[in-house]
Amino acid sequence: MKYVFGALPLLSTVSSYGQDALKYRFQLYDEEDGRIDVESHYLDYRLEGESTSFSLRLAVDSLSGETPVGSHLDGDPDTWRFQEIEDERRVVVTTIEQEVDEYTLSFEYARSIEDDYRSSAFTGKVSRQFNQKNTTVTGGISYGDDTVIATPGTSIQFDEDKSTLDLNFGISQILSRNTILDFNIGYGHSDGYLADPYRQISQIRTVTVFGRPVTRTFEYDENRPDELDRFVAKASVRHYVRPVNAALQASYRFFSNSDSVEGHTAELKWIQQVNPKFSVSPFVRYYQQTEADYYYPSLTGTGVDGHGMNDGSGAHYSSDYRLSSFDALTYGVRFSWDVREDLTLDLQWEHYEMDGRSSGTPDIFFPTANVVSLGAQWRF
């Protein structure tokens, strides 16, 4: 989507429209207290033609650290198990765009490979401009075909499949020379193996052994439903504040799914053009979500008995803290510098905090992280 009006440099990231571009980004996600670290490298190349463009992205994510498994020690419900993990993800994304009169057609293919996961995704989009190019309407559909690989440490004996289908619709409207409004809605459906093969849940139960009652801690693999529907809506506005040569960007996003999870995200960003070559953009983002209807820190005292199945059948349960009720706050700042006409550098730092609101979920589950990224874009 391309806009041509005075506020453009402050209302969008650096554009390479009409030019070929090569971009590289390094990002380090670092959770405190020895939790998860992710080191990411992204390389993007975009080739622009008169009416056709081609994009290629290569990405490598290296992950290491420890994460809560979701179960506690035998007979000790206050001591939770953590597991050391190490993995690498390699991603290739190719995109072709074709402009036909007032329409823009695009097709994207993405392939992701990890030691225990394979993913292929196909996306098609069509957009059209109306109202002297002041209004752009976009529709898209994507399909994902994933495989969860049975490896040592997982709860599955054989590879498991899952598929996802997503539909989305969006409209972008130039309200004035200084203001743009965007609105997007989407629906998605997933089915197949939707559980996390590393997650477990504990239950302290009394059983009879040789006629005598014995109380012990049992551990069960989590069991999530094998179907999931989700809905998302997002509205955002970007306004150029001419007296101070800056722009304000505000957005709200609503999310819900058939697991009874509802999420609300509000974000504010201020883009300050310090001089023609340098800008500073502080931002803050707040997220709140409700817990899934099958979320339990443990099954003890819930009236739900664990079982040995994790194929979506039977009672559903998970102790994954990401399905609990929690708040998350992110704040940071981005610096962008046009070193010369064809080269832009940027540096971003952000701080992320999660706070749980579900009763019984230990605070140690929720991470605090710092994220630093450095990028360079060369246009030629």
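Strand E16 gives the most to a nonpolar patch in this predicted model, supplying three residues. The patch lies on the surface and brings together Leu 248, Leu 268, Val 284, Tyr 286, Leu 329, Tyr 331, Phe 335, Leu 347, Trp 349, Val 372 and Leu 374. Together these side chains offer about 880 Å² of accessible area. At least two residues of the patch come from each of strands E15 (278-289), E16 (326-340), E17 (343-356) and E18 (368-379). Another member, Leu 268, has its place in strand E14, which covers residues 262-275. With a relative accessible area of 46%, Leu 268 is partly exposed, because it falls between the 20% limit for buried and the 50% limit for exposed residues.

The chain as a whole gives the setting for this patch. One helix and 18 strands are found in the chain, and its C-alpha atoms fill a box of roughly 85 × 40 × 35 Å along the principal axes. Of its 380 residues, 42% count as buried. The accessible surface comes to about 20100 Å², and carbon and sulfur atoms account for 56% of that area. Among contacts with a separation of 6 or more, 58% are between residues 24 or more positions apart.

Aromatic side chains are a good place to look next. The structure holds 11 aromatic pairs. In one of them, the ring centres of Tyr 45 and Phe 380 are 6.3 Å apart and the planes stand at 15 degrees, so this pair is stacked. The pair links distant parts of the chain, with Tyr 45 in strand E2 (residues 37-48) and Phe 380 in the segment after E18, 335 residues apart. Tyr 45 is partly exposed, at 28% relative accessible area, and Phe 380 is also partly exposed, at 40%. Tyr 109 and Phe 122 make a tilted pair, with 5.1 Å from centre to centre and 40 degrees between the planes. Here Tyr 109 belongs to strand E5 (residues 103-114) and Phe 122 to strand E6 (residues 117-130), 13 residues apart. Both rings are partly exposed: Tyr 109 has 27% relative accessibility, and Phe 122 has 38%.

Other aromatic residues gather in a group or meet a charge. Trp 80, Tyr 287, Tyr 321, Phe 326, Phe 365 and Phe 366 form one aromatic cluster. Elsewhere, the ring of Phe 218 is met by two arginines: the charged end of Arg 205 sits over this ring, 5.8 Å from its centre, and Arg 216 lies over the face of Phe 218 at 4.5 Å from the ring centre.

Charged side chains also pair with one another, and the count comes to 21 salt bridges. Arg 35 is joined to Glu 31, with the closest N and O atoms 3.8 Å apart. Arg 35 is buried at 6% relative accessible area, and Glu 31 is buried at 7%. A second salt bridge joins Arg 89 to Asp 61, where the closest N and O atoms are 2.4 Å apart. Since Arg 89 lies in strand E4 (residues 76-100) and Asp 61 in strand E3, this pair ties together parts that are 28 residues apart in sequence. Arg 89 is partly exposed at 32% relative accessibility, whereas Asp 61 is buried at 8%. In a third salt bridge, Asp 320 meets Arg 199, and the closest N and O atoms are 3.8 Å apart. The pair spans 121 residues, from Arg 199 in the loop between E9 and strand E10 (200-209) to Asp 320 in the loop between E15 and E16. Asp 320 and Arg 199 are both buried. They also belong to a network of salt bridges that links Asp 196, Arg 199, Glu 222, Arg 224, Asp 320 and Arg 322.

Two further residues show the surroundings of individual strands. Gly 65, in strand E3 (residues 52-73), is buried at 15% relative accessibility. Beyond its sequence neighbours up to four places away, Gly 65 touches Gly 34, Arg 35, Ile 36, Gln 83, Glu 84 and Ile 85. Arg 35 is thus shared between this set of contacts and the salt bridge with Glu 31. Asn 184, in strand E9 (residues 179-192), is partly exposed at 37% relative accessibility. Its contacts, leaving aside neighbours within four places in sequence, are Phe 169, Gly 170, Val 232, Ala 233 and Lys 234. Asn 184 and Gly 170 are 14 residues apart in sequence, and their C-alpha atoms are 4.1 Å apart in space.

Methods: Residues numbered from 1 in each chain as written. Predicted model: local features only at pLDDT ≥ 70, side-chain atom pairs only at ≥ 80, totals over all residues. Heavy atoms only, no water. Patch = residues over 30% accessible without salt bridge, like charges linked within 9 Å, V, L, I, M, F, W, Y side chains within 5 Å. Areas by Shrake-Rupley, 256 points an atom, 1.4 Å probe, with all protein chains shown as cover. Salt bridge = Lys/Arg side-chain N within 4 Å of Asp/Glu carboxyl O. Helix = DSSP H or I, 4+ residues; strand = E, 2+ residues; numbered from the N terminus. Buried < 20%, exposed > 50% of the residue type's maximum accessible area, 1.4 Å probe, protein only. Phe/Tyr/Trp six-rings, centres within 6.5 Å; stacked < 30°, edge-to-face > 60°. Lys NZ or Arg CZ within 6 Å of the ring centre and 35° of its normal. Contact = heavy atoms within 4.5 Å.
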